[in-house]
Amino acid sequence: AKAFQKCPICEKVIQGAGKLPRHIRTHTGEKPYECNICNVRFTRYGWARGLHVNLGAAPRLGGCTQTW
């Protein structure tokens, strides 16, 4: 069974354990994860580890042109 948690700021119900902290960052603006190539900060770990690069095509989001 999936856990349900309510956001204390907007009262949105979040489904899934551990997802509430990620949701709360939409309110706080916190970006704890940084791309080690371009130093742009992100709210999600995966985006900081290369997902913001569009497979070597035009760079997205942070402008990082490095591909992995």
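**Reading helix 1 and its surroundings**

User: Which residues are buried in helix 1 (residues 19–28)?

Analyst: Buried means under 20% relative accessible area, exposed means over 50%, and partly exposed lies in between, with a 1.4 Å probe and protein chains only. In helix 1, Leu20, His23 and Arg25 are buried. This is a predicted model, in which local features need pLDDT of at least 70 and side-chain atom pairs count only at pLDDT 80 or more, while totals for chains, interfaces and linings use all residues. Residues are numbered from 1 along each chain as its sequence is written, and side-chain values use heavy atoms, with hydrogens and water left out.

User: How many helices and strands does the protein have, and where does helix 1 come in their order?

Analyst: Helices (H or I, at least four residues) and strands (E, at least two) are DSSP runs, numbered from the N terminus. The protein has 2 helices and 4 strands, and from the N terminus on these elements run β-β-α-β-β-α, with helix 1 spanning residues 19–28. After helix 1 comes Gly29, whose phi is positive, near 80°.

User: What covers the buried residues of helix 1?

Analyst: The cover includes strand 1 (4–6), strand 2 (13–15) and strand 3 (33–34). Contact means heavy atoms within 4.5 Å, and on that basis His23, leaving aside its neighbours within four places in sequence, is in contact with Cys7, Cys10, Lys12 and Ile14. His23 counts as buried because its relative accessibility is 13%.

User: How should I read the other charged position in the helix, and what is the side chain of opposite charge nearest to Arg25?

Analyst: Side chains of opposite charge can pair when their charged atoms come close. A salt bridge is a side-chain nitrogen of Lys or Arg within 4 Å of a carboxyl oxygen of Asp or Glu; Lys and Arg count as positive and Asp and Glu as negative, whereas His and the chain ends are not counted. Arg25 is buried yet has no salt bridge, and the nearest side chain of opposite charge, that of Glu30, is 4.8 Å away. Not counting residues up to four places away in sequence, Arg25 touches Glu30, Pro32, Tyr33 and Thr43.

User: How many salt bridges does the structure hold, and which residue does Arg41 pair with?

Analyst: The structure holds 1 salt bridge, in which Arg41 joins Glu34, with the closest N and O atoms 3.2 Å apart. Arg41 counts as partly exposed because its relative accessibility is 37%, and Glu34 likewise counts as partly exposed, at 32% relative accessibility.

User: How many disulfides are there, and what is the nearest cysteine sulfur to Cys10?

Analyst: A disulfide is a pair of cysteine sulfur atoms within 2.5 Å. The structure holds 0 disulfides; Cys10 is in none, and its nearest cysteine sulfur, that of Cys7, is 3.8 Å away. Cys10 counts as partly exposed, at 38% relative accessibility, whereas Cys35 counts as buried, at 0%.

User: What does UniProt list for residues 5–32, and how much of that stretch is helix or strand?

Analyst: UniProt positions are given in the numbering used here, feature names are shortened, and annotations may be inferred rather than shown by experiment. The unreviewed UniProt entry lists residues 5–32 as "domain: C2H2-type"; over these residues the chain is 36% helix and 18% strand, and the end C-alpha atoms are 22 Å apart.

User: What fraction of the whole protein counts as buried?

Analyst: Of the 68 residues of the protein, 19% count as buried.
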